[in-house]
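This report describes a two-chain model, chain by chain and then at the contact between them. The sequence and structure come first.

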Amino acid sequence: MNRPRIAPEDLFDAEFLESVQRLRIVAQRVARSGRPAEQRSRDMGSGIEFRDFRAYSPGDDFRAIDWNIYQRLGRVFLRLFEELEDLPVYLVPDTSESMFLEDPPRIKAALRTALALAAIALHQHDSVGLLPFGEDLEVAVRPTAGKGQVLRFADHLSRLTAGERQPGTDFKTSLDKLRAMPLRSGLVVIISDFFDPAGLEPVIESLQLLRHRVLLCQITRATDREPDLDGDLRLVDCETGQLEDVSVTANVRDAYRRAYDRFEKKLTDFARDRQAGLVRIDADRDVLDQLAPLFESGSLVV
Amino acid sequence: MTLSLFSPLIWALGLLGLAGILYALQRLRVRHRVQPVVTTLFWKEALEEAQARVLVRRFRHFLAFLFVLLIVALLWLGVAGPHRDGSGERTYLVLVDASASAQVGRRQAQIRDALIEASDALPSDRTTVIRVGATAEALLAPGEPWEVALKRFDQPVVGQGPAAFDETLRHSLADSKSNTPSGSSASDSPTTGSPTTVVLIGDARVSDAIAAQLPAGHRMIRWSLPDLISENHGVVTLGVSPASSGLWDRVDVRVEIDGYPAPPSWDSVRVTLNDAELPEDSKQSANASPDLETRWIAQFSDLPANGGKFSVELPADGFTADDRATIALPRRAIQGVAIADPLRAMFGDLVNADPAFRTTLESPDVAIATAAGSATSVPTLLFVPASTQEPAILIEHLPDEDSESVLSDALATLGLDQIDAVDLADQLSTPITVGARPATVRRVLVWEELLAPELNFTQSHAFPLFVAYSLRWLADAEPITRAVAAGEPWIEARTPVEDGQARSFDPVDARYRPRAIGEYREANGRLQWVSLQSEEETRRVTRRSSGVSAISEERPDDAPETVAWWLALAALALLSVEWVLFRTGRMP
């Protein structure tokens, strides 16, 4: 489907960039004052080797967050290991049709999330890559370092909104491709609604096989669980074109909610079991308001 | 409960058909609103779990189908026209006004239009139509097609007479009660046991008394008709009385007219005697009745009582039936009385003092004699010895008169009720009785002993009355009769009467009522004129009947409306419930 590009200034308006800047400055200020993350023990070995936990402080590298502990304790802790500064961030935003359908489209929240994370990572670490996916994965930006790359990233992210691309979602194909790519171990940030027509199981299976650390940013909205639909409808899947005739009754609504809740639980359970991070971003709310607590106070509402 | 429109079997089959249609509709693919969604992943699971309706597959919403079928069944039952058991099918009695006032202008055309409308509303198999005017004519019997009624209606109305809805209803109610089987309710009609709606088409009034006699379950409604002519006047009363001047052979005539808001000009009123117009000075002053704003009275005095034809005719207006009235004046000639010599001293002054009689010696009309006197062929007041007859007073009447009727009338006609018979009996030591027998000529035979001076009879106040009344009876003087009004009893009619259409009517017990205005001939050849003389008819043409409390201005509709209304309300209530269920998502 060929769609017009959303201009960077529409996607990342001045207010958003300013907020990202504040988020980035906060992270950087903390870093200048002495990042606890830089207090490395010389006894630490090489490679990705877990040595210790430390409570998250503003400015700490979010890549080091131990999501497993967070899931269990509700508090953010950092894993300390030597390879921290060599941990690239691979941003994997979903650009399938489901991200563009609604108003406002989820892609805006997704790309803003991506830019925010890119901005912070670029100022803290060396490289950030951009690998959008839909039915397949592609490399939009090879892992690149440098503080001046933020606007370039903004431009690349904006380009993801335009052009001819395939509408569907295929996590398996995309993640299999990612797995096959000769990338340094890093943090894979998957920004998506995770609506794969094949279901969540293939997604989980593919994620399980990734050798990277995983942060899942699920772009949601309230109508995902409480759809504002009633009557006799012919539902058209915007990605597959599949038709589903449904008479929306109270029973059907209840069953729908149960199905969605199962989906959410499955995703949550996976993140916990895989020790992956799971952040739920409401597409109808300000993205940075939802991300800021993570970086400023170590609190995170999932 | 029974159904009016069709049998229960047909209704059930119809319901099955409707159920089939509903079933087919539910099986058909519903028109869906196309809705793009981000994913159908969860909807698929939900549908499988909720076992939602899958089109063109299994019939899933059986309860919804039953619910809708219930609503349809209620409406279908309402269409079938149910009514409660025992009430039977309602019958209709349509009375069509053909009175004189209903024949004014386009009234009959308006009534015909109303009848056509009624034919659309009323079932012909349960409707009777009667046209009521000078005669009561059946226009439609139950089972006949409505076209027959209209064809009969188009036949000319026979005669002009006053409204007679009361009379027709009275007969109808009497027939209904007499045909009612023992033990059944008076509200049941003789054959079907159903209530009746009386539909009145026209302006003829129905009295409160008749309306109150309608059995329970009966209804009476009036079909609305447009207003009639704006102004009308007519002769409402025509009466004759003995002349106020006292002259026996003269009478006074009183005419009352109605409909003039101001005193009418009597110059425009034509008053004739034997078709010759009366002089202007004979029309006395007209006075308004203090109670009626539009009623005016004229008195015509000392008109000759010689059997002449008196007519009054008003200027023509839109309704002419009431513009003319005619009466035959009585014959009241002074009778000659021959008095036998022995009785002349006793009866002479008495006879001469009576304005109806004069004494004469030649060609008398009546006589007063004794048995010893010469036989006379004229009607005679005859005094005879008591030994010659048992009754003290024996009345010999004409052969065509009835002795019992004569005797019963004698108390008044001969003034016998004034005689103190007890006192006379005491004095004579014998009962005083009255008898009657037919004879070739009228005579009144009285014991001559009653004339004895020692008795009080000749000195009593009753004696001159007895003599005067007896002489009048003997002379067969015509009574003062009032003008005969159409629809009113013709009390004085004694012989068969023939109307203008050569139809003969035999008066029985003074109940004969001529229905139509016109000229009637009695068997003795005497002519009588029947006029409308109806204040109600005169006034009705200018305004619609106010009706009776039992009458409403509704249009008739068929009987099962009450039950059908309840069914419709029930269906509406269920539809509301369905709407709520649908809106809350409890029903597809």
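## Chain A: overall make-up

Helices here are DSSP runs of H or I with at least four residues, strands are runs of E with at least two, and both are numbered from the N terminus. On that basis, the secondary structure of chain A comes to 10 helices and 12 strands. The model is a predicted one, and the values that follow should be read in that light.

Of the 302 residues of chain A, 59% count as buried, and the accessible surface of the chain comes to about 12,500 Å², with 46% of that area belonging to carbon and sulfur atoms. When contacts in chain A between residues at least 6 apart in sequence are considered, 75% of them join residues at least 24 apart.

## Helix α7 of chain A and its cover

Helix α7 of chain A spans residues 200-209, and its buried residues are A:L200, A:P202, A:V203, A:I204, A:S206 and A:L207. What covers these buried residues includes two helices of chain A, α6 (171-180) and α9 (250-274), together with two strands, β8 (187-192) and β9 (213-220).

## Salt bridges in chain A

Over all chains the structure holds 32 salt bridges. Two of them can be described together, since each joins residues of helix α9 of chain A. In one, the side chains of A:R257 and A:D254 meet at 2.8 Å, N to O; both residues lie in helix α9 and are three residues apart, about one turn of the helix. A:D254 counts as partly exposed because its relative accessibility is 32%.

In the other, the side chains of A:D269 and A:R272 meet at 3.0 Å, N to O. Because A:D269 and A:R272 are three residues apart in helix α9 of chain A, about one helical turn separates them. An α-helix has 3.6 residues a turn, so residues three or four places apart point the same way. The partners differ in exposure class: A:D269 counts as buried because its relative accessibility is 19%, under the 20% cut-off, whereas A:R272, at 33% relative accessibility, counts as partly exposed. Elsewhere in chain A, a network of salt bridges links A:E102, A:R106, A:R221, A:D224 and A:D284.

## Chain B: overall make-up

The secondary structure of chain B comes to 13 helices and 29 strands. Buried residues make up 46% of the 588 residues in this chain, and its accessible surface comes to about 28,800 Å², of which 55% belongs to carbon and sulfur atoms. Among contacts in chain B between residues at least 6 apart in sequence, 71% join residues at least 24 apart.

## Local features of chain B

On the surface of chain B, the residues B:L9, B:I10, B:L13 and B:L16 form a nonpolar patch, and together they have about 420 Å² of accessible area. One of these, B:I10, lies in helix α1 (residues 8-27) of chain B and counts as partly exposed, because its relative accessibility is 43%.

Chain B also contains a salt bridge between B:E144 and B:R152, whose closest N and O atoms are 2.8 Å apart. Both partners fall in the intermediate exposure class: B:E144 is partly exposed with a relative accessible area of 23%, and B:R152 is partly exposed with a relative accessible area of 29%.

## The contact between the chains

Chain A and chain B bury about 3,100 Å² between them, 64% of it on carbon and sulfur atoms. Three residues, A:D232, A:R234 and A:Y256, supply 18% of the area that chain A buries against chain B, more than any other three residues. The contact takes 35 residues from chain A and 28 residues from chain B.

Between the two chains there are 10 residue pairs in polar contact, with both residues at pLDDT 80 or more, and the count of salt bridges is one. The side chains of B:E45 and A:R262 meet in a salt bridge at 3.0 Å, N to O. On the side of chain A that touches chain B, the elements giving two or more residues are β10 (231-237), β11 (243-248) and α9 of chain A. The largest share of that side, 10 residues, comes from α9(A), the helix that also holds the salt-bridged pair A:R257 and A:D254.

Notes:
Residues numbered from 1 in each chain as written. Chains lettered and ligands numbered in written order. Predicted model: local features only at pLDDT ≥ 70, side-chain atom pairs only at ≥ 80, totals over all residues. Heavy atoms only, no water. Patch = residues over 30% accessible without salt bridge, like charges linked within 9 Å, V, L, I, M, F, W, Y side chains within 5 Å. Areas by Shrake-Rupley, 256 points an atom, 1.4 Å probe, with all protein chains shown as cover. Salt bridge = Lys/Arg side-chain N within 4 Å of Asp/Glu carboxyl O. Buried < 20%, exposed > 50% of the residue type's maximum accessible area, 1.4 Å probe, protein only. Contact = heavy atoms within 4.5 Å. Buried area = accessible area lost by both parts, 1.4 Å probe. Polar contact = N/O pair within 3.5 Å; in protein donor to acceptor, adjacent residues only side chain to side chain.
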